[in-house]
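User: I have a structure open and would like to work through it step by step. Can you take my questions one at a time?

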Amino acid sequence: MRRSLLALLGTVAGTALLVGAKLGTPPPDDPTAVTLADAGAVPAAGDPSAGGAATPGGPSTPAGSASPGTSAKPGVSTAPPGPPGPTPTAPGRTTAPPPPPPSGLKNGTFTGSGAAAGHYEVVTTTITVSGGKITVATGSCGAASGESKTICTRAMTKLQPETITAQNANVATVSGATYTSKAYKASLQSALDRAKA
Amino acid sequence: MPGYRRVEQVMGTAVSLVIADELPDPTRARLADQVFGWLHEVDARFSTYQEDSEVNRLDRGELTGTGASADLRAVLGACTDLWRDTDGYFDVYATGRLDPSGYVKGWSVQVASDRLVQAGSVNHCLNAGGDIRMRGRPAPDQEWRVGIRHPWQVDKLCWVLTGTDFAVATSGTYERGQHVIDPHTGKPATALRSVTVVGPDLGIADGYATAALAMGLPGLDWLARLAGYESGVISEDGLSFRSGSFPVADPSYSS
């Protein structure tokens, strides 16, 4: 029982990690962006450009630009229907859309749901993309219930993902994976021992 | 008065001791003798590298369970508890033979620290190859500051912990390769780069850190549910996670 629970919760951790990883260093053409969309990413309410945005392989149209098919045609005087945004351009002229962000991520707010695993379903993650980079990622345990929700909530709030930073500081000693006697000679602990001897 | 310091090679690694109590140097030297005497004794009795160790004789069937020393029985009992508490991920038979080394080092350092307290040293720090038990203070107005090694940069830290009475154990793949085996698959654990566990007992903290490393990503949730032990984890893709009460120092403070 306990082990199966662990395995299921692994999905939760994996979901959280997936989003967190992109917080650190969003690589260009991040394949996980497609994964997230495949997993059911849906645009948040209020994002009018939602339609084709989350379609993997679809046109990478930045939010706020004119949607494909709505550009003004010569000779048509009425403004095309569509979301509020840039005003229609003059007939015969088209505005070049801004270049797609290098990551291929579309600006906006997106919510992804973790894959359901039995009744231990799972975590939703919400990300905010700005300038092609994920700027905010949050998680919640919305669909989970009962015991799984208790555990999920605790895990999500107790272990906070963050980006590691190398730092140097005045310390008395250093903890790390066990070094051999040989590796000790090159370690920070060895330097501390020598410096303070 | 500066702390009394000694480093010795034992149990295949370097052990660093600092005794910060204001005691006469001959007294501190005698206390250090007792610490290292004990650790060398443990190495002889429990190492799998020493042909005649109790552990090897028990593994070969030359020693029966009732013939084992009280220390060995205590170690094996604690390992059994860890096996149960970690869903089998801490397993003294993970390599196919009896090998309690993953618990023995932390346990022996914990015992050495407990004995130091009984002998009158209430301010000390004992670090065995990166696993630490510290007590009291390095100086009356300071707390011990423990750096957690950056898992990709040998001379950098990724966290600084502070406190006056706790154990810190780190298990990682960056020093000796992917040596931690997932006992359920028999394959090396690769998802987590570094797992640090902080708590009252170094043997248990070390066992928990090793088990979580073996679990991989599910280890994050397992660690989050532990009572009394805080954790900091760095995954192979460079993300770090820490529990809410992981005793990180205020980054703006450096004494």
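Below, short questions and answers walk through this predicted model.

User: How many helices and strands does chain A have?
Analyst: Read along the sequence, chain A runs α-α-β-β-β-β-α-β-β-α-α. Each α in that pattern is a helix and each β is a strand. The tally for chain A is 5 helices and 6 strands.

User: In chain A, where is confidence lowest?
Analyst: Chain A averages a pLDDT of 48, and 17% of the residues score at least 70. Residues 1–94 of chain A stay under 50, although the model has 150 contacts there beyond four places in sequence. Residues 136–154 of chain A are also below 50, with 36 contacts beyond near neighbours in sequence. Strand β6 of chain A marks the highest mean, 89, while the lowest, 30, belongs to helix α2 (residues 31–38) of chain A.

User: What share of chain B is buried?
Analyst: Chain B holds 6 helices and 12 strands. Take its contacts between residues at least 6 apart in sequence: 57% join residues at least 24 apart. In chain A, that share is 49%, and 30% of its 197 residues count as buried. For the 255 residues of chain B, the buried share is 51%.

User: Which helix gives the largest share of the largest nonpolar core?
Analyst: This core has 82 residues. Those with the most contacts inside it are B:Val198, B:Ala205 and B:Ala212. B:Ala212 touches B:Val195, B:Gly219, B:Trp222 and B:Leu223, leaving aside residues up to four places away in sequence. The largest share of the core, 10 residues, comes from helix α5 (residues 202–215) of chain B.

User: Why is B:Met215 classed as it is, buried or exposed?
Analyst: B:Met215 is found in helix α5 of chain B. A residue counts as buried if 20 or more other C-beta atoms lie within 10 Å of its own. B:Met215 has 28 such atoms within 10 Å, so B:Met215 is buried.

User: Which residues does B:Met215 touch, not counting those up to four places away in sequence?
Analyst: Contact here needs C-beta atoms within 7 Å. B:Val180 lies 35 residues from B:Met215 along the chain, and their C-alpha atoms are separated by 9.9 Å. The residues that B:Met215 touches are B:Tyr89 and B:Trp222.

User: Which strands are the edges of the open sheet in the order β6(A)-β5(B)-β6(B)?
Analyst: The sheet has 3 strands and mixed pairing. Strand β5 (residues 144–149) of chain B joins β6(B) through 6 bridges, and the two run antiparallel. In that pair, B:Arg149 stands opposite B:Leu157. An edge strand pairs on one side only, which fits β6 of chain A and β6 (157–163) of chain B.

User: By how many degrees are neighbouring strands of this sheet turned against each other on average?
Analyst: The order β6(A)-β5(B)-β6(B) tells us which strands are neighbours. With direction ignored, their average turn is 35 degrees.

User: In the hairpin of β11(B) and β12(B), which residue takes a positive phi?
Analyst: The two strands pair in the antiparallel sense over 3 bridges. One bridge sets B:Ile234 against B:Ser240 in β12(B). From β12, B:Leu239 and B:Phe241 point one way, B:Ser240 and B:Arg242 the other, and all are buried. The hairpin has 3 residues between the strands, and the residue with a positive phi near 90 degrees is B:Gly238.

Conventions. Residues numbered from 1 in each chain as written. Chains lettered and ligands numbered in written order. Predicted model: local features only at pLDDT ≥ 70, side-chain atom pairs only at ≥ 80, totals over all residues. Helix = DSSP H or I, 4+ residues; strand = E, 2+ residues; numbered from the N terminus. Buried ≥ 20, exposed ≤ 12 C-beta atoms within 10 Å, placed from the backbone. Contact = placed C-beta atoms within 7 Å. pLDDT = per-residue confidence, 0-100. Core = buried A, V, L, I, M, F, W, Y, C linked by C-beta atoms within 7 Å. Pairing = 2+ DSSP bridges. Axes fitted to C-alpha atoms, helices over the stretch in contact; angles between N-to-C directions.
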